[in-house]
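Please explain this structure, beginning with how its helices and strands are labelled and then going through it part by part.

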Amino acid sequence: MNTSTGLRHSRALAVSCKATVQLEVPKTVTAPRQVPAKSVSLEPVVQEATAHYGKPLRGSPTTLGATYVKDADAINSALSSGSAKGDAINFALTSGSAKGVKLVLFTEDDLAMGKATYEVQLDPATNKTGDVWHIALPQCDTSLLYAYRVTGENQDKNNAPSAVGHKFDETSVIVDPYAKGILSRRRYGELGPAHLDYKSDEVLGLAPTWPQAAAFLPKPGEEDFDWEGDTPLELPMEDLVIYEMHVRGFTAHPSAAVQAPGTYLGLIEKLDYLKELGVNAIELLPVFEFNELEYYSPILGSTTGATCAKIVPQTSVFRKPFCLPQVFEFNELEYYSPIPGSTTGEHRFNFWGYSTVNFFSPMARYSFAIASGADGAALQQEFKLLVREAHKRGIEVILDVVFNHTAEGNQLGPTLSFRGLDNRVYYMLAPLGEYYNYSGCGNTLNCNHPTVRKLIVDCLRYWVTEFHVDGFRFDLASILTRAHSAWHTSTPSPVAGAPPAALHSGGAIVDETGIMTDGAGVPTGTPLSDPPLVAAISEDPVLRETKMIAEAWDCDGLYQVGAFPHYGGRWSEWNGTYRDTVRQFLKGTEGPWAGNFASALCGSPNIYANTHPAETDWWANNAGRRWRGNRAPTASINFVSAHDGFSLADLVTYNDKHNNANGENNKDGENHNLSWNCGVEGITERLDVNRLRQRQMRNFQCALLLSHGVPMLQMGDEFGHSKAGNNNTYCHDSELNWVDWRQVADDSHGFARFTRQLIQFRHTHPELRRTSYVSDNDIQWHGEAAFKPDWTDSSRLVAYTLKKHAPDAGGLYVAFNSGHTPKVVELPHWHGRAWKVVIDTGKLAPYDILIPDAELAPEEAEQAQLAATMWTAGGYYSVLAWSTVVLESVPEAELAALRSRGRGASAAGAALARAGGPLTPTPQQQRAERASKRAASPGGLMDEIRASKAADMVQ
């Protein structure tokens, strides 16, 4: 997190364990929004039929958003005169405090020019039921787009007590929170018209980087997508191998060679790669519509004088900023600007997309259909096609969702949707209207307010029922457990033009000390033992089989890992403790890491099975006590790296971050990375260092994929993608974040093959995918001597045998040596069985994993396994420094047969040589020939990669 900007750029390590409940009564922060004020134009306001729709009807409040209705009579039972026949579009919007609402309609041409085509005034006497405003337009042209203009009080303009907390802005046209597709620009990185005068009263929108947005209208037949019988895969949690990925970054590189790079369609073209890799769940970084340029101004210190995004500090009197990044509709140009010091003219993007504008809309500029001029129905169908095709390949789709804040920021931010609809409802506020900042991004969504809670549950159900998604990962999920803020309601005066009559003086519901509350006496922001939103999600019947994953912390120090409210095990958690422990042990850190690493390998029972929290665990010792312990290994989502922080290759190449390319003087990003450069900082020609780095990368993959729990890999880590030491690449739409498919194809160090085979090894060994924790009957721990583990702070060796589920079926011997000297380990003797080497990260590829494939012939693997018997036959094995070995127990007869085949092959080869007959090239010769052909391919692929890609040099 860059505290100078308040942006949630990065959070590589979990925040400290604390939570603040007692808050000071804050001072009012009411700085005016930094958007030029515009006068309110009442034209065009049309109440009669037009060329694009018939005479407006009363409409229905029952379904929020815009809904296609086949029979207009069904929603217009109370017409004052006449009867409507045929189709209609019903519009419904919730705002309890609004004084007036207009439905704003656009043609696409008018939207691009920043002007409304029609504005239809809603009559509160006929077009309002309770807090829901509604209207219907018969025979409506569905090529139109829509938004709203909502009027009401604003605390920056009105001094009345009833105005506190309100931010209605009649100069802004806002997006419907229930919109199902958003259009502002059609192509990724495309700017709005630069010639428009965005300061003019006549132009909607804020800047070319942030033109006016509006929503697509529903069309008849939108539900006609052919799912071809698709149903939820409902894969067991313990069987998942999750792949965290970015839709655009996966295929944006020219080497992807897809027809639609950087889109959902492009991702579909590469799904077979993921299937061959062995992953069976993809976790997509935010794919909801997001905002690209929240604050538009010159970057200080820029030598080009270019106008660009300047991020206004998102601070408040309550919370210091600090955070991490989300797949809902977002705006990729949120931080679009030239990067100071860049010699390539590269611009800053909000590449990750953790800044949501609308939760129901797939990211439009990830769509090939939208870029090609299609409508919202085509956008939805393209995302549905992605899910359907993933399911055909046995791959589930999990969305990274951000319900902790929105793109509207703090009091200086733009009015896009929620703020202009009902600021008091959608945001967590203090008594004087200030924003709580538990997200580190300027605002905090008021998640447990009934209206917001309904929106979130409706959203999740929509993505599950409409798009067939399989699960959600909740960014900063601890915010979902905090008490909301509440206000006394006010009702409009029945006398036209009179001020509203407040039901309670002051507006805010506070306790006796003046602290904001949830209306029931609980201070706003208090972590709740039984949070209504999390309970509603967990118990919703539609979401019953949907996977739920919590990032169980937030930016104010609330840390709930191990005790997130899980409602009978419905939730898993990103296990940040696992990440830190594995990094500490494998780089050889002095301390209690051997024992902690052993626990991590077993699915972290010290966190998820143990009902007794540590004394320092504030949450689990207080309101979270009921949620601590008695959970399965599948509660732990294990990961070594993720999108924010070092990539796996950089984890073994850099001790320090190198974020100068971000244009923030290397001040952004996490400083505490628990990384080790293996002796040299950055790229080096030293063969010993590069070999050690390759070995360490394999050690990390072994730890991840041999551990109980659910493994998650980061996109690119499977082949060693480097970000050149940048641990906070949030702003780069470039090769730093793109998959280079040349490197995938070359695999000059064999690491991609190693990862692929290791994933398959996990899939074929049920003992690695347990649903319960191991007991002494399942696992035995060893040291250099069998059955004598070393748990001291100086220990660098963790070894164990893990039995298979079936009796007398054998098992695995696994040893991790994180020390700088080799270890000769004694292998336990199992009657009637022998040990066969499967993995040894101390060996060069392809002998690092002895599973036959195109790179390693069966006889070649057998020869290597035979060579290892010089150790294993005597009951020992040599584990090199900083290396991992895996041996599998097989019947002695199987190893005897292997020796017999080896002797026969040697004799046959000798006879052919004596006879002068033709010899088949050896596997080594065949592999050398393949490598030679790759090197000689057009463009000198290997030379080019070695010269241009830091990732390859790192290896």
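Helices, of at least four residues, and strands, of at least two, are DSSP runs numbered from the N terminus. The model described here is predicted.

The barrel is a convenient place to begin. It is closed by 8 strands in the order E10-E11-E16-E17-E20-E21-E22-E23, with parallel pairing. On average, neighbouring strands of this sheet are turned by 30 degrees against each other, direction ignored. One of the pairings in detail is that of strand E20 (residues 547-550) with strand E21 (residues 571-574), which run in the parallel sense over 3 bridges. Here Ala550 has Glu573 in E21 as its bridge partner.

Ahead of the barrel strand E10 (242-245) there is a loop that starts from strand E9 (214-216), and Glu228 lies in this loop. The phi of Glu228 is near 55 degrees, a positive value in a residue other than glycine. With a relative accessible area of 46%, Glu228 is partly exposed, because that class covers the range between 20% and 50%.

Helix H10 covers residues 576-586, and 10 of its 11 residues are buried, so the helix is largely enclosed by the rest of the structure. The buried residues of H10 include the charged-type names Arg579, Asp580 and Arg583 as well as Val582, Phe585 and Leu586. Gly576, Tyr578, Thr581 and Gln584 are also buried in H10. At the N-terminal end, H10 is capped by Asn575, which places a side-chain oxygen 3.2 Å from the backbone nitrogen of Thr577. Just after the helix comes Gly588, with a positive phi of about 80 degrees.

A further set of strands centres on E30. Strand E30 spans residues 883-891 and is mostly covered, with 8 of its 9 residues buried. Strand E26 (residues 811-817) pairs with E30 in the antiparallel sense over 6 bridges. Strand E28 (residues 833-840) also pairs with E30 in the antiparallel sense, over 7 bridges. Which residues stand opposite Leu887 in E30? From E26, where residues 811-817 form the strand, Tyr813 stands opposite Leu887. From E28, made of residues 833-840, Val837 stands opposite Leu887.

The loop that leads from strand E29 (876-879) to E30 contains Trp882. Trp882 is not a glycine, yet its phi is positive, at about 45 degrees. Is this tryptophan buried or exposed? Trp882 has a relative accessibility of 18% and therefore counts as buried, since the cut-off for that class is 20%.

Another backbone feature is found in the loop between E28 and H17, where Pro846 is placed. The peptide bond from Ala845 to Pro846 is cis, and its omega is near 5 degrees.

Helix H17 covers residues 858-872 and contains Trp871. Trp871 has a relative accessible area of 34% and is partly exposed. Trp871 belongs to a nonpolar patch on the surface, together with Val824, Met870 and Tyr876. The accessible area of these residues together is about 420 Å². Trp871 qualifies for such a patch because the residues in it need over 30% relative accessible area.

Technical notes
Residues are numbered from 1 along each chain as its sequence is written. This is a predicted model: local features need pLDDT of at least 70, side-chain atom pairs count only at pLDDT 80 or more; totals for chains, interfaces and linings use all residues. Side-chain values use heavy atoms; hydrogens and water are left out. Patches are made of residues with over 30% relative accessible area and no salt bridge: like charges are joined within 9 Å, nonpolar side chains (Val, Leu, Ile, Met, Phe, Trp, Tyr) within 5 Å. Accessible areas come from the Shrake-Rupley method with a 1.4 Å probe; for residues, only the protein chains shown count as cover. A salt bridge is a side-chain nitrogen of Lys or Arg within 4 Å of a carboxyl oxygen of Asp or Glu. Buried means under 20% relative accessible area, exposed over 50%, partly exposed in between (1.4 Å probe, protein chains only). A polar contact is a pair of N or O atoms within 3.5 Å; within protein, one must be able to donate a hydrogen and the other to accept it, and residues adjacent in sequence count only if both atoms are side-chain atoms. Two strands pair if DSSP finds at least two bridges between them. Axes are lines fitted to C-alpha atoms, for helices over the stretch in contact, and angles run from 0 to 180 degrees between N-to-C directions.
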